[in-house]
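Me: I am new to this structure, and I would like to learn how to read it step by step. Could you take me through it slowly?

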Amino acid sequence: MIDAGGLRERVEDSALLWALVVVVAVLSVLPLARLLLEGIAPAGHLSADALLRVLRTSSTWTATQHSLVTAFGGTLLAVIVGTLVALAVSLTDIRGANAFVFCFVAPLLLAAQVVALAWLQVFGPSSTLLKLIGIAPPMGSRNPLYSAGGIILVLGVQYAPLVFLTLRAGLRSLPQELIEAGLAGGAGPMKVLRTIILPLMTPPLLAGVALCFVSCLGNFGIPAVLGIPGNYLVLPTLIYQRLAGLGPGALSEVAVLSVLIGAIAVIGIVSQDLLLRGRDFRTTSASAVAQRFELRRWRLPVEAALWTLTVLVLVVPLIALILTALVPAVGVPLTLNSATIDNFRYVLLEHAATRRAFRNSFGLSAAAAIAIVLIATPLAYFLVWRRNRLLRLVNLVTEVPYALPGVVLAIAAILVFLKPLPLLGVSLYNTIWIILFCYLARFLVLGLRPIISGYHQLDRTLEEASQIAGARLLRRLRTIIVPLVAPAAAAGALLIFLTAFNELTVSALLWSTGTETLGVVFFSFQQGGDSTYAAALGVLTVMVSFGLMLATLALAHRLPRGVLPWRD
Amino acid sequence: MARLTVERLAKSFGAFRALDDVSLQVDDGEFVAILGPSGCGKTTLLRQVAGFDKADGGRILIGDSVVSSAATHVPPERRRIGIVFQSYALWPHMSVAENVAYGLTVTGVKGAERSRRVDAALNLVDLHGYAQRSPAMLSGGQRQRVALARCLVTEPALVLLDEPLANLDVHLRAAMENEFARFHERTGTTMVYITHDQAEAMALADRIAVMDNGRLLQLAAPSQLYREPATATVARFVGHGMVLPVSIRSVAADGTCAADLYGHVVRLRCAPTQKANGEAQVCLRAGDLTIVAPTAAGVAARVDRAVYQGGFFRLEAHIDAAPDQSLHLAVPEPFTLAPGAAIRLDVADGWIIPEAIGN
């Protein structure tokens, strides 16, 4: 009857826990530890040669300076736009917030390199859009986006939703009483905003700033499309050029560059912590949803401003991209006669690498989404319901590969997998598996977060009831927990799929013939001057992204609030 | 079915002693209520018995098997107990029948045997015909009954009920109380019922264990608990008893004693072991007090206020000799005395609390 001790239960429990800990360690700790080792001891020998060589090269410091300029500039723009939009959407009674949020957040979920190309099509002498309305600048003039300013503009637009999302989450948990107490004390809405709301929103705002800074710093697609033609290199593009030019021989050097960019990212994250230290931002738990401020006669102007913003940052670039995809060659004006779908036909049917890339990107994204959900669902069980010191560390560690720039992880993965694996004797370098490894490491946290909030919504007694009925851990997971967190897991899987599908940073450094991703093919079209093919491919990926985002709205009512970023 | 034995159980969360040297025994087939205010440790005790938390010290036995001690911890899934949760904890993605069948599936009961037992369990709680419904389509009382059927279908040795009526409205509570009582009668299962509601505990339990601050204060049958509280805390908590100082003059052989209550000599009940050693505490009930003529013998008091309660007043008063000592009693309509009026109270009955003074 009763077996004293429950040995079998304990074995099952700890086996699962330790398996998960090992998976997280291999994905998150191993590559970065290997990278740090390479920084100190290149090729296995303790030496400062590579370090000094890199630090003495002027291009290192030029790229660092460029990285800092564009990252700070992009962050500043994103913070201004993101904050204003978050305040308008969360605190006022504007109409149509859901549709607006969907459009405003969309750029974040589209491929950065596609967004950059779309913006290029809005300006410059060869812009199909400008030609169509007859205001294109003369041939031979320079596209103004090929510059630091252009990079800053597109980074700011791409990452404003990040600031918006963190700030909106903060505003949602702001207790209504604090606002009402201010109003009752005689302060007007603007004064309440300045003296109560904004000071209390310092933590989410700074978190958004840090996240945005790290994202701008690590972005590859935008400075690659807008910077490389004008030889304006930032650290990720410098690393890419070095590795592409010299191959694995340059590994020690690019490892140092990766550590450098990783260090800048860490400084950004740590300074956010330092700024918040010693101040108390705790609020009592939120009560009802805060009453929204009535804008009255300002409502229409504010709504108009928000929708104008959407048209400018989303609609116009996408239209410009679509128009370019419809002309036979760059610079040809679009007329009823010149319009063609040949570009689409070419990328979909004729170009072998694109067909492979579709297969690879779909396969990689789906595999990453499924594998991460399979890892994250039991992992979140332990993280949420079995808190202890080891698990707190695991939780922290899963964040690292996503927080650091993608090039850092890619270089680290090359270092780990360049030599054949011990025991197996095969090398993953130049195979699709190294890309999958990086996707798993980098996007794990994207799946973990929604699943964790799914668990937080779950009444634990549902699990305890099945435990009392005699079900052991694996059965409880299978029969009770998985069905109940499935909506959150599906949302996480879609988020991973979308991000991986549009990804370029990692695969640009890791691809080889046969393992191209859509990002890589798009990038090589664009670099090769085939902007019309690139535009057609871009339009196709944008359609896939929008399709998936719209499809998930059907799931939305079963999800914890805030899991789907594109839904208000 | 089995008895439950808890021996000197201790559990701390940091510096907070949630369970402090708790011992109790629930006999085979007995219905025991654990009663106490929130934070008294009753939920901690339930989680210990269920096995969700590990004990710091002491032992728990179900039947003759040790399930919890410093050395052993049988996980909940091996304890063969049933729990009815306060939130019911019905699985929303399963039908009523699937909820009830779950425990059988887990233990490998299959096919016709399983459906026979599920049907029997649903019949027992009058829910035949609801098997294919989803829990979301049921009322609160029906969900409660599904939870009951689910926990009984595996014939557990012991059933724990965690404030099962707390989420129901008042009308439904009375009906469900009835249901639980009938249910216990029919199945004869050993039941431990956690509640903060003394009326519920009194109505249902064979014996009640009163807890406070992580300690078990008294374990006794409802009427004994009410008539003979072991401590001042139990006296105050159960039935809103008034605890007053008295000095005992003499103890009689029939279990009564003569005592001095603010200068008025009264006859009170006491434990056979009570010594005539002077200072003690008495537990008085509202029904023990009556207003007598101003000239009659009694305790002099003053009216604080009278609250109309439908057919009678709840009169609150304080003793002249001890203005801090408030009393309450029921007086019939009509009642016209204003606050501050002098009254004289006779004491018909009372119980000498058998514990050290000052506790």
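Reply: What follows is a conversation about a predicted model, moving from a whole chain to helix pairs and then to the contact between chains.

Me: How many helices and strands does the secondary structure of chain A come to?

Reply: Chain A has 24 helices and zero strands. Its radius of gyration is 25 Å, close to the 24 Å that the globule rule gives for 568 residues, so chain A is as compact as a globular protein of that length. Taken along the principal axes, the box filled by its C-alpha atoms is roughly 85 × 70 × 50 Å.

Me: What share of the residues in chain A is buried?

Reply: Of the 568 residues in chain A, 49% are buried. A single case is A:Phe358, which lies in helix H16 of chain A; this residue counts as buried because it has 21 C-beta neighbours inside 10 Å, where the cut-off is 20 or more.

Me: How should I read two helices that pack against each other?

Reply: Two packed helices are described by the angle between their axes and the distance between the axes. In this model, the axes of H16 (residues 352–385) and H21 (residues 473–501), both of chain A, come within 8 Å and cross at roughly 140°, and H16(A) and H21(A) are therefore oblique to each other. The crossing in which H16(A) passes H21(A) is right-handed, and the residues of this contact divide into 20 nonpolar, four polar and no charged.

Me: At what angle do the axes of H13 and H18 of chain A cross, and which residues meet there?

Reply: The axes of H13 (residues 251–276) and H18 (residues 406–417) of chain A come within 9 Å and cross at roughly 145°, and H13(A) passes H18(A) in a left-handed crossing. On the H13(A) side the residues include A:Leu251, A:Val254 and A:Ile261, while those they meet in H18(A) include A:Val407, A:Ile411 and A:Leu415. By class, the residues of this contact are nine nonpolar, two polar and no charged.

Me: How many residues does each chain give to the contact between chain A and chain B?

Reply: In general, the size of an interface is often given as the accessible area lost when the parts come together. Here we can count residues instead, and the contact takes 27 from chain B and 23 from chain A. On the side of chain B that touches chain A, strand S5 (65–68), strand S6 (81–84) and helix H2 (96–106) each supply at least two residues, and that side has 14 nonpolar, nine polar and four charged residues.

Notes:
Residues numbered from 1 in each chain as written. Chains lettered and ligands numbered in written order. Predicted model: local features only at pLDDT ≥ 70, side-chain atom pairs only at ≥ 80, totals over all residues. Axes fitted to C-alpha atoms, helices over the stretch in contact; angles between N-to-C directions. Helix = DSSP H or I, 4+ residues; strand = E, 2+ residues; numbered from the N terminus. Parallel < 35°, antiparallel > 145°, perpendicular 65-115°, else oblique. Left-handed = near helix turned anticlockwise from the far one by under 90°. Nonpolar A, V, L, I, M, F, W, Y, C, P; charged D, E, K, R; others polar. Contact = placed C-beta atoms within 7 Å. Rg over C-alpha atoms; globule rule 2.2 N^0.38 Å. Buried ≥ 20, exposed ≤ 12 C-beta atoms within 10 Å, placed from the backbone.
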